[in-house]
Amino acid sequence: RRQREEPGTPPARAPRARVGARARSRGSDRRLARLSEPVSSTMQAGAAKALHTRKQKSGVTIEESCGEAWERLRSDATEDRFCVFGYADTTVITHRLSGPDPQELLANLSEDEVLFGAIRVDREGGLGPKFISFTFFGEAVNGMRKGRGAMHRNAVMNIMEGTHDTFEGEGIEPFTHSFNTAVAQP
């Protein structure tokens with residue numbers, strides 16, 4: 001039975017558990033010692049829903065020139081048929097190239113770059129233009145830069161609203177094949 005403690009009196013001590021001689025010989029003291037040790041935990045703090053729904057910023061800065069190039073590509077008033085964006089720094093993406101001839105884009109690819117961009121494909125029958133976004137990874141690009149490019153791809157694609165399709169290529173030859181296939185399909 002618990003007795004009621006009066007204010008100002010020290011709390012009563014809990015009685016000690018008695019262990020018989022037979023139990024001690026089987027190693028119960030060691031088991032008790034292990035159970036009393038602190039347990040380290042690797043569990044993450046926070047609600048499970050918050051852990052899986054939190055959005056992180058990619059840490060990339062996209063210059064205004066990229067948005068302006070995309071608007072020029074979408075405009076019927078210009079001759080531009082493609083625009084290309086690339087890294088000016090590890091976290092800054094800038095406009096690299098635009099023009100009326102998409103083959104100029106293929107001529108300017110380099111195996112040591114990660115590039116993003118879009119192509120405008122005019123369709124027949126009064127359907128209006130089709131916009132195809134792309135990502136290019138050069139074969140000489142190391143794994144860290146490829147990973148960074150893959151992580152930053154969504155940030156770049158977010159400024160290019162209204163694309164119909166997307167493709168990517170690793171290396172000039174596979175990219176050229178995907179590019180020609182995308183341009184040929186109206």
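A nonpolar core, as the term is used in these legends, is a set of buried Ala, Val, Leu, Ile, Met, Phe, Trp, Tyr and Cys residues joined through side-chain atoms within 4.5 Å. The views below are all taken from a predicted model.

**View 1. The largest nonpolar core, with the residues that touch the most other members.** This core holds 19 residues, and within it W70, C83, F85, I93, F116 and M160 touch the most other members. At least two core residues come from each of α4 (64-74), β2 (82-87), β4 (114-121), β5 (130-137) and α6 (143-159), and α4 gives the most, with 4 residues. Apart from this core lies another, of 15 residues, which includes V84, L106, F134 and F179. As a general background to such views, nonpolar side chains tend to be buried together in soluble globular proteins.

**View 2. The surroundings of F116.** When neighbours within four places in sequence are left aside, F116 is in contact with C83, V84, F85, Y87, I93, F134, T135, G149, R153 and V156. Among these contacts, C83, F85 and I93 are, like F116 itself, named with the residues that touch the most other members of the largest core. Two further contacts of F116, V84 and F134, are members of the other core, the one of 15 residues.

**View 3. The open sheet of 6 strands.** The protein has 7 helices and 6 strands, which follow one another along the sequence in the pattern α-α-α-β-α-β-β-α-β-β-α-β-α. In space, the 6 strands form an open sheet of mixed pairing, in the order β1-β3-β2-β4-β5-β6. Because β1 and β6 (165-170) stand at the edges and each has a single partner strand, one side of each is left without a neighbour in the sheet. Strands of a sheet pair through backbone hydrogen bonds, in either a parallel or an antiparallel manner.

**View 4. β3 between its two partner strands.** On one side, strand β3 (residues 92-99) runs parallel to strand β1 (residues 61-62), and 2 bridges join the two. Within this pairing, T61 has V92 as its bridge partner, while I62 is partnered by I93. The pairing of β3 with β2 is antiparallel and comprises 6 bridges, one of the bridge partners being G99 in β3 for F82. A hairpin of 4 residues provides the connection from β2 to β3.

**View 5. Two helices that pack on the sheet.** Helix α4 touches β1, β2, β3, β4 and β5, and its direction makes about 30 degrees with that of β3. Helix α7 (residues 172-184) lies across β4, β5 and β6, and runs at about 160 degrees to β6.

**View 6. The salt bridge between D80 and R72.** A search of the whole structure finds 7 salt bridges, and in the one shown here D80 is joined to R72, with the closest N and O atoms 3.6 Å apart. The two partners differ in their exposure: D80 has a relative accessible area of 14% and is buried, whereas R72, with 32%, is partly exposed.

**View 7. The salt bridge between E113 and R96.** The side chains of these two residues meet at 2.6 Å, N to O. E113 lies in the loop between α5 (102-107) and β4, whereas R96 belongs to strand β3, so the pair ties together parts that are 17 residues apart in sequence. E113 counts as buried at 19% relative accessibility, because the limit for that class is under 20%. R96, in turn, counts as partly exposed at 37% relative accessibility.

**View 8. The salt bridge between R153 and E168.** Here the side chains of R153 and E168 meet at 2.3 Å, N to O. R153 is part of helix α6 and E168 of strand β6, so this pair ties together parts that are 15 residues apart in sequence. E168 is partly exposed, its relative accessible area being 45%, and R153 is also one of the residues in contact with F116.

**View 9. A network of salt bridges, and the protein as a whole.** D76, R81, R120 and D122 are linked through salt bridges into a network. Across the protein, buried residues make up 30% of the 186 residues, and the accessible surface comes to about 13300 Å², of which carbon and sulfur atoms hold 49%. Of the contacts with a separation of 6 or more, 61% are between residues 24 or more positions apart.

Note on methods
Residues numbered from 1 in each chain as written. Predicted model: local features only at pLDDT ≥ 70, side-chain atom pairs only at ≥ 80, totals over all residues. Heavy atoms only, no water. Buried < 20%, exposed > 50% of the residue type's maximum accessible area, 1.4 Å probe, protein only. Contact = heavy atoms within 4.5 Å. Areas by Shrake-Rupley, 256 points an atom, 1.4 Å probe, with all protein chains shown as cover. Pairing = 2+ DSSP bridges. Axes fitted to C-alpha atoms, helices over the stretch in contact; angles between N-to-C directions. Salt bridge = Lys/Arg side-chain N within 4 Å of Asp/Glu carboxyl O.
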